[in-house]
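I opened my notebook to get to know a new structure today. Here is what I looked up, entry by entry.

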Amino acid sequence: MSSFHKMIAEKVIGGVCVKKHCFLLTRDVQASQRSIALVAEMIHTASLVHDDVIDDASSRRGKHTVNKIWGEKKAVLAGDLILSAASIALARIGNTTVISILTQVIEDLVRGEFLQLGSKENETERFAHYLEKTFKKTASLIANSCKAVSVLGCPDPVVHEIAYQYGKNVGIAFQLIDDVLDFTLCSDQMGKPTSADLKLGLATGPVLFACQQFPEMNAMIMRRFSLPGDVDRARQYVLQSDGVQQTTYLAQRYCHEAVREISKLRPSPERDALIQLSEIVLTREK
């Protein structure tokens, strides 16, 4: 799990239930909330192990992937084992609403992976497709984890929705910046090969914005950058366009919306920490 996801888990525990007279009630509730952080981390880790198998990735954050070291079969089983441990920990919380919320994350991860396998010819539909995939593969985990924590700490559905919307917007912004960094950082800084998405045939935000300035990219997008030279040409088009800037601006808009949502809660150090997290999303360099 990335340091950002860990910070989200830690800060949400204290930050999403301070509206009106809604406070954390007992140490047992707080322990359950910490369990949500553990479950979220395990779901995320399992998804990364499986993603690396699907993408045939050999490195992540500068280290060899599980499938690179042990092979695909053992990597799939390792991801399954982590996910089963998450399921056990989730069941032990004993709250059916929370179980329903977090199992939605697993469904979204799978549906997001299927969305990633397809593409749309229409440019408007293509961007909506990209944002839906981004939500399901990245933001759903953060949004539903935030919501689950708030459910355990507070009975107010208004707070639950605030927590969900905060996590959703921060999560989408996080992935948008990740897609920007794929074009602006070198492999050593990223800890993984750059232009990785292009090599996988994926058109992310910077590519979709660049396509508006360079329509000739449409053909490359539809053939998933499969011809020799497609990846290099697409990367040059992106760098010559304002695709990176437009994607960054879109991430800023999502972060502003996250701050607007969480600012509905009563002032507290935890709420301030969640606001600060949204700023970290925009300024991170890996």
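**Entry: the main core.** I started with the largest nonpolar core, which has 51 residues in this predicted model. I noted Tyr-166, Val-207, Met-217 and Phe-225 as the residues with the most contacts inside this core. Next I asked which helices each supply at least two residues of this core. My list reads helix 6, helix 7 (157–184), helix 10 (205–213), helix 11 (217–222), helix 12 (230–240), helix 13 (243–262) and helix 14 (269–283). Helix 7 gives the most, with 14 residues. I also jotted down a general reminder: in soluble globular proteins, nonpolar side chains tend to be buried together.

**Entry: one core residue up close.** I picked Met-217 and looked up its partners, leaving aside residues up to four places away in sequence. Met-217 touches Val-207, Ala-210, Cys-211, Ala-234, Tyr-237 and Val-238. Val-207 is a familiar name, since I had already listed it among the residues with the most contacts inside the largest core.

**Entry: another core.** I then found a second, separate core of 17 residues. Val-39, Ile-101, Leu-102 and Leu-152 are among its members.

**Entry: Asn-144.** Is Asn-144 buried or exposed? I looked up its relative accessibility and found 6%, so Asn-144 counts as buried, the cut-off being under 20%. Asn-144 lies in helix 6, which runs over residues 123–153. Not counting residues up to four places away in sequence, Asn-144 touches Ile-101, Leu-102, Gln-104, Val-105, Asp-108 and Tyr-164. I was pleased to meet Ile-101 and Leu-102 again, as both are included in the second core.

**Entry: a pocket.** I turned to the second largest pocket and wrote down a volume of about 280 Å³. Of the 14 residues that line this pocket, the closest to its centre are Ser-47, His-50, Leu-109, Val-110 and Glu-113. Where does the lining come from? Helix 2 (27–55) and helix 5 (96–117) each supply at least two of the lining residues. By class, I recorded nine nonpolar, two polar and three charged residues in the lining.

**Entry: the whole chain.** Last, I stepped back to the protein chain, which has 14 helices and two strands. Of its 286 residues, 51% count as buried. I looked up contacts between residues at least 6 apart in sequence, and 72% of these join residues at least 24 apart. The chain exposes about 13900 Å², and carbon and sulfur atoms supply 55% of that area.

Key. Residues are numbered from 1 along each chain as its sequence is written. This is a predicted model: local features need pLDDT of at least 70, side-chain atom pairs count only at pLDDT 80 or more; totals for chains, interfaces and linings use all residues. Side-chain values use heavy atoms; hydrogens and water are left out. Helices (H or I, at least four residues) and strands (E, at least two) are DSSP runs, numbered from the N terminus. Buried means under 20% relative accessible area, exposed over 50%, partly exposed in between (1.4 Å probe, protein chains only). Contact means heavy atoms within 4.5 Å. On a 1 Å grid over the protein atoms alone, a cavity is a set of points where a 1.4 Å probe fits but cannot get out, and a pocket is an open set with protein on both sides within 12 Å along at least five of seven lines; lining residues have an atom within 4 Å of a point. Grid points are joined across faces, edges and corners, and a volume is the space filled by probe spheres set on the points. Ala, Val, Leu, Ile, Met, Phe, Trp, Tyr, Cys and Pro count as nonpolar, Asp, Glu, Lys and Arg as charged, and the others, Gly among them, as polar. Accessible areas come from the Shrake-Rupley method with a 1.4 Å probe; for residues, only the protein chains shown count as cover. A nonpolar core is a set of buried Ala, Val, Leu, Ile, Met, Phe, Trp, Tyr and Cys residues joined through side-chain atoms within 4.5 Å.
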